[in-house]
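Biologist: Could you take a close look at one part of this model for me, the hairpin in the first chain, and then walk me outward from there? I would like to know what deserves care when I set up my own calculations.

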Amino acid sequence: MVVDVDGVPVSTRQPGPARAGTRREMLRGLLGVAAGLALVPVVAASWPPGPLDGAHGTGGAGGAAGTGFDEVYRGRRIRGVLTPAGRSAADGAQWEVTVDGRPLHLMRRADGTWLSMVDHYRSYRTPLEAARAAVDELGPGEMLRGSDAPAYGDHPHDMGGRHGLHA
Amino acid sequence: MVYTRKDVSTLTADERRRFVKAMLEVKRRGEYDEFVRMHIDHYVSDGEGGLRTAHMAPSFLAWHRRFLLELEKALRRVDPSVTVPYWDWTRDRTATAAPWTADLLGGNGRASDRQVTTGPFAYATGNWTLKENVTDGEFLTRDLGRSANPIELPTAAELEWALKDPVYDTAPWDSTVTEGFRNKLEGWGTGRGSAAWRNHNRVHRWVGGEMLGGASVNDPVFWLHHAFIDLVWTRWQARHRVHRYLPAEPPGEASRQYRRVVARKEKLPPWNVTPDQLEDVSGIYRYA
């Protein structure tokens with residue numbers, strides 16, 4: 001990942017307009033990753049005991065300097081790959097993370113930490129920690145949305161006209 | 001006609017029934033799921049490019065104020081007597097207190113899969129099937145208090161810590177600021193302990209389930225929580241009368257926040273309205 005002196009990915013300097021397209025591209029990339037994965041059956045008859053808030057990610061594994069991870073955590077296959085995601089160099093590198101082959105959308109905070117769509121009101125030091133925290137929240141047999149889900153950001157303003165959201 | 005938003009613990013049986021009925025009707029009409037989608041789509045993190053409106057930004061309070069008004073409009077199209085009640089989590093602090101009763105939002109999720117099985121929003125009623133979600137889960141889930149690693153709701157003292165800050169917000173206007181009312185209330189902290197999530201964020205975490213994720217609007221308590229956050233904003237305004245929404249002017253081209261935050265008189269997407277226009281709601285509603 002290209003990181004500037006403040007520890008913020010250079011790619012984050014891009015202003016808004018390209019964002020939705022970038023996300024679509026990212027999702028396409030993720031689906032490619034997902035398609036290449038053998039899905040691991042989820043064996044979870046009851047709520048699994050396991051790590052708690054802030055108890056994991058004590059260092060090393062999948063840390064900020066890593067370029068990928070692939071592990072089974074609480075019965076879930078977590079994969080993360082650092083890839084050159086964009087069509088242009090300016091888009092920089094991007095983490096593509098999946099849980100049991102389904103894309104887990106990660107967001108970066110300005111302090112360099114990570115949060116996921118599943119666990120959205122705090123952040124974690126690394127993509128792996130964020131992915132494990134997301135798994136902690138999944139119920140027995142619960143899966144992330146697959147390819148049939150709308151891509152985040154695809155139609156951000158579509159309710160404005162139909163329900164009079166404009167002043 | 002100025003209407004009143006009430007403390008949820010003070011609603012009469014009839015007011016509870018009408019609120020629930022209106023929520024279910026908005027859901028039945030398909031409008032509710034568009035609110036869920038909209039909140040997901042407007043979550044832009046501050047370590048990424050792009051304009052932030054709903055979170056990690058000065059307009060966090062203004063965006064959710066407008067969002068609440070839209071839901072309230074939808075509810076009042078169904079029943080003009082309905083307003084969004086607020087949940088004062090500094091007072092109603094347990095999993096059995098308001099609003100977690102069978103005649104309002106229902107209770108905690110069950111142990112096996114955190115499914116909410118009581119009250120009008122239980123999956124088995126057939127009236128509250130989740131459509132827009134981060135996962136394929138179709139039923140509402142909660143884990144009040146985070147059973148595996150319990151946390152407490154924010155205290156009145158923690159809220160007061162935010163309220164007493166006279167400055168609305170401060171540069172760099174994101175989740176890393178340690179001063180200013182807005183982020184002290186929104187609750188982005190640093191580090192790994194409980195100081196890492198405060199006030200608004202901590203409540204999302206305490207409720208758990210859907211409320212923890214990007215599709216938090218799926219839990220009706222989202223609105224009661226944000227009505228209280230909105231009430232706190234009005235309290236802050238009353239206490240610090242000479243202070244206003246900041247930034248007053250957009251950050252310049254040299255700033256890393258250039259075009260990434262909404263200044264006082266800029267439009268707040270997706271609406272054609274500015275934070276300046278949203279600061280005074282006294283002509284629309286009041287809090288009891």
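Modeller: Happily! In this predicted model, A:Tyr73 sits opposite A:Arg76, a residue of β2(A). The two strands concerned are β1, residues 68-73 of chain A, and β2, residues 76-84 of chain A; they run antiparallel and are joined by 6 bridges. Between the strands of this hairpin there are 2 residues, and A:Arg74 has a positive phi near 50°. As background, most residues other than glycine have a negative phi, and most peptide bonds are trans. Another general point for anyone looking at the hairpin is that side chains in a regular strand alternate between the two faces of the sheet.

Let us step back to the chain that holds the hairpin. Chain A has 2 helices and 6 strands, and from the N terminus the order is α-β-β-β-β-β-β-α. Of its 167 residues, 37% are buried. Among the contacts in chain A with a separation of 6 or more, 61% link residues 24 or more positions apart.

Now the confidence values. The average pLDDT of chain A is 63, and 43% of its residues score at least 70. Two stretches stay under 50: residues 86-91 of chain A, with 9 contacts beyond four places in sequence, and residues 148-167 of chain A, with 34 such contacts. Where pLDDT is low, the predicted coordinates should not be read in detail.

Further along the chain there is another backbone feature to look at. A:Asp100 has a positive phi of about 50°, though it is not a glycine. Its place is the loop between β3 (93-99) and β4 (102-104) of chain A. Is A:Asp100 buried or exposed? A:Asp100 counts as buried because it has 21 C-beta neighbours inside 10 Å.

A:Val99 leads us on to A:Arg145, since the two are 46 residues apart in sequence and 10 Å apart in space, C-alpha to C-alpha. A:Arg145 lies in the segment after α2 (127-137) of chain A. With 20 other C-beta atoms within 10 Å, A:Arg145 is buried. Beyond its neighbours within four places in sequence, A:Arg145 contacts A:Arg102 in its own chain, and also B:Asn133, B:Val134, B:Thr135 and B:Asp136.

A:Val99 also turns up around A:Ala134. Not counting residues up to four places away in sequence, A:Ala134 touches A:Val99, A:Leu104, A:Ser116, A:Val118 and A:Asp119. A:Ala134 and A:Leu104 are both among the residues with the most contacts inside the largest nonpolar core, which has 101 residues. That group also includes A:Ala130 and A:Ala131, along with B:Leu71, B:Leu224 and B:Phe228 from the other chain.

Those chain B residues bring us to an annotation. In an unreviewed entry, UniProt lists residues 55-72 and 219-230 of chain B for "domain: Tyrosinase copper-binding". The span 55-72 of chain B is 72% helix and 0% strand, and its end C-alpha atoms lie 21 Å apart. For residues 219-230 of chain B the helix share is 83%, again with 0% strand, and the end C-alpha atoms are 18 Å apart.

Helix α6 of chain B, residues 199-207, is mostly covered, with 9 of its 9 residues buried. Among them are B:His200, B:Arg202, B:His204, B:Arg205 and B:Trp206. The buried residues of α6(B) pack against α4, α5 (181-186) and α7 of chain B. Just after α6(B) comes B:Gly208, with a positive phi of about 70°.

Finally, please check a few backbone settings in chain B before you prepare anything. The peptide bond joining B:Ala98 and B:Pro99 is cis, with omega about 5°; B:Pro99 is in the loop between α3 (60-78) and α4 (156-163) of chain B. A cis bond also runs from B:Leu246 to B:Pro247, where omega is near 5°. B:Pro247 belongs to the loop between α7 (221-239) and α8 (275-278) of chain B. The loop between α7 and α8 of chain B also holds B:Arg259, a residue other than glycine whose phi is positive, near 60°. B:Arg259 is partly exposed, with 16 other C-beta atoms within 10 Å.

Conventions: Residues are numbered from 1 along each chain as its sequence is written. Chains are lettered from A and ligands numbered from 1 in the order in which they are written. This is a predicted model: local features need pLDDT of at least 70, side-chain atom pairs count only at pLDDT 80 or more; totals for chains, interfaces and linings use all residues. pLDDT is the predictor's confidence in each residue, from 0 to 100. Two residues are in contact if their C-beta atoms, placed from the backbone, lie within 7 Å. A nonpolar core is a set of buried Ala, Val, Leu, Ile, Met, Phe, Trp, Tyr and Cys residues joined through C-beta atoms within 7 Å. A residue is buried if 20 or more other C-beta atoms lie within 10 Å of its own, exposed if 12 or fewer, and partly exposed in between; C-beta atoms are placed from the backbone. Helices (H or I, at least four residues) and strands (E, at least two) are DSSP runs, numbered from the N terminus. Two strands pair if DSSP finds at least two bridges between them. UniProt positions are given in the numbering used here, feature names are shortened, and annotations may be inferred rather than shown by experiment.
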